[in-house]
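Hi,

Here is the model I promised to pass on. Have a look, and my notes follow underneath.

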Amino acid sequence: MNTALYIARRYLFAKKSTNAINIISTISVLGVFVGSAALIIILSVFNGFEEVVLKMFNTITPHLVIAPAQGKTFDPHSVYFTELKTAKEIYSYTEVLSENALLRYRDKQSVGMVKGVSTAYLKNKSLDSITVQGKFVLENEGGPNAVIGSALQNYLMVNTNDPFTQLQVFSPRKGLKTSSVNPADDFMDLYIPVSGIFEVQQDFDNIAIVPLSFARKLLQEDTKVSSIELNLNKGVDPDLFKAKIERQLGAGYVVKDRVEQNKALYNILSTEKWAVYVILTFILIIAIFNIIGSLTMLVIDKLKDIAILSSLGAGKGLIRKIFLFEGMMITLAGCIFGLLVGLIFCLVQQKFGLVKMSQDNLLMSNAYPIGLKWKDFLLVFITVSIFSFMASALSSNLSVKNINHLNQDL
């Protein structure tokens, strides 16, 4: 058995002559305990929010998007795209034609993105989960319908229950070389009823989703599309399938996965989580470095024991290791109990949802979401171990110096 570890363990549980040493050691353990528990709980809550937000975004974001490397549109009727449409890996193959347009409803108007989609778009069974008013319907017996984002609805004050007022959409006529005497003749002007309102996030909520046939008529584009959206069957690796498509398509096309489609979102989620981790880690470091005071007082309390060990031949290295292990055990004990309590709290929150958010939240559960990741537990443990070693090593070196000073005084 390691002599230094054995003696350090005895010191950890042995009764001290001065009660203040026990109090300071307890405070050190509690500080690390609370810091570790708080850190793992906060990281798990951020994981939960990340899962909820990405789930909402993924409802309207496909696994892969194929777009032209140059220009706005391309012809989707080539042999490759015809074969790709029937590939066994693909769940839905949606042709998309989109462009900015002027939208008017009664006396209000706003610029928004008109996104025409083929019928395969509606194979997404999760669209109803983001629909906050009306229904997500693009075609009915009366003809084409639009589903617009909540941002457009707020600008235009659209009423989905009013069947007599339709959304008016303006787009510049294609191929005009000179302006007409009447400016209205320079624009295609179509009407379409609004069947529903969806809500995800501001960048998406400025979109009007319409049938592809309506977009073709509005934009005067008979064959070409802006992009092709692919949703894959379960079990298909999007990264591998993306690499396969990129090899076959060549440099003329760009294939984007969900991360590349929403770079800003993923960067924000990652930055916020790491910012919180850094802030809480600084608090945890303060708690860990309390161990210096605890070990210094323990050295004074155990001077007689150290003198006996020195007379038996124990060198400075052994004495330094004793207090190094002592400090490590104090802080890691607090860390392990903190992680355990944090885990229990997260599991209880996942099952019962004890801590609630605002009752006005429509898109997610009222309880704070929790996402447990073993990497976070490992990260917290490694963080505590590193700073615990630094604090213990510093305090053990100071302790050896104090012993030398005390011996000289004696």
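What volume does the largest pocket have? About 860 Å³. Before the rest, the small print: this is a predicted model, where local features need pLDDT of at least 70 and side-chain atom pairs count only at pLDDT 80 or more, while totals for chains, interfaces and linings use all residues. Residues are numbered from 1 along each chain as its sequence is written, and side-chain values use heavy atoms, with hydrogens and water left out.

On the pocket: 31 residues line it, and M113, K115, F204, E229 and Q261 lie nearest its centre. Helix α8 (263-288) gives the most to this lining, with four residues. By class the lining has 14 nonpolar, nine polar and eight charged residues (Ala, Val, Leu, Ile, Met, Phe, Trp, Tyr, Cys and Pro count as nonpolar, Asp, Glu, Lys and Arg as charged, the others, Gly among them, as polar).

There is also one cavity of 30 Å³ or more in the whole structure, with a volume of about 70 Å³. Its lining includes T94, Y121 and E229, and α2 (19-60), β2 and β12 each supply at least two of the lining residues. Four of the lining residues are nonpolar, six polar and one charged.

How these were found: on a 1 Å grid over the protein atoms alone, a cavity is a set of points where a 1.4 Å probe fits but cannot get out, and a pocket is an open set with protein on both sides within 12 Å along at least five of seven lines; lining residues have an atom within 4 Å of a point. Points are joined across faces, edges and corners, and a volume is the space filled by probe spheres set on them.

Now strand β2 (residues 90-105), which pairs antiparallel with β12 (residues 227-232) over six bridges (pairing needs at least two DSSP bridges; strands are E runs of at least two residues, helices H or I runs of at least four, numbered from the N terminus). In that pairing T94 stands opposite E229. β2 also runs antiparallel to β3 (residues 108-117), with 10 bridges, and the two form a hairpin with two residues between them, where R106 has a positive phi of about 55°. L102 has V111 as its bridge partner in β3 and stands opposite F170 in β8.

Shout if anything looks odd.

Cheers
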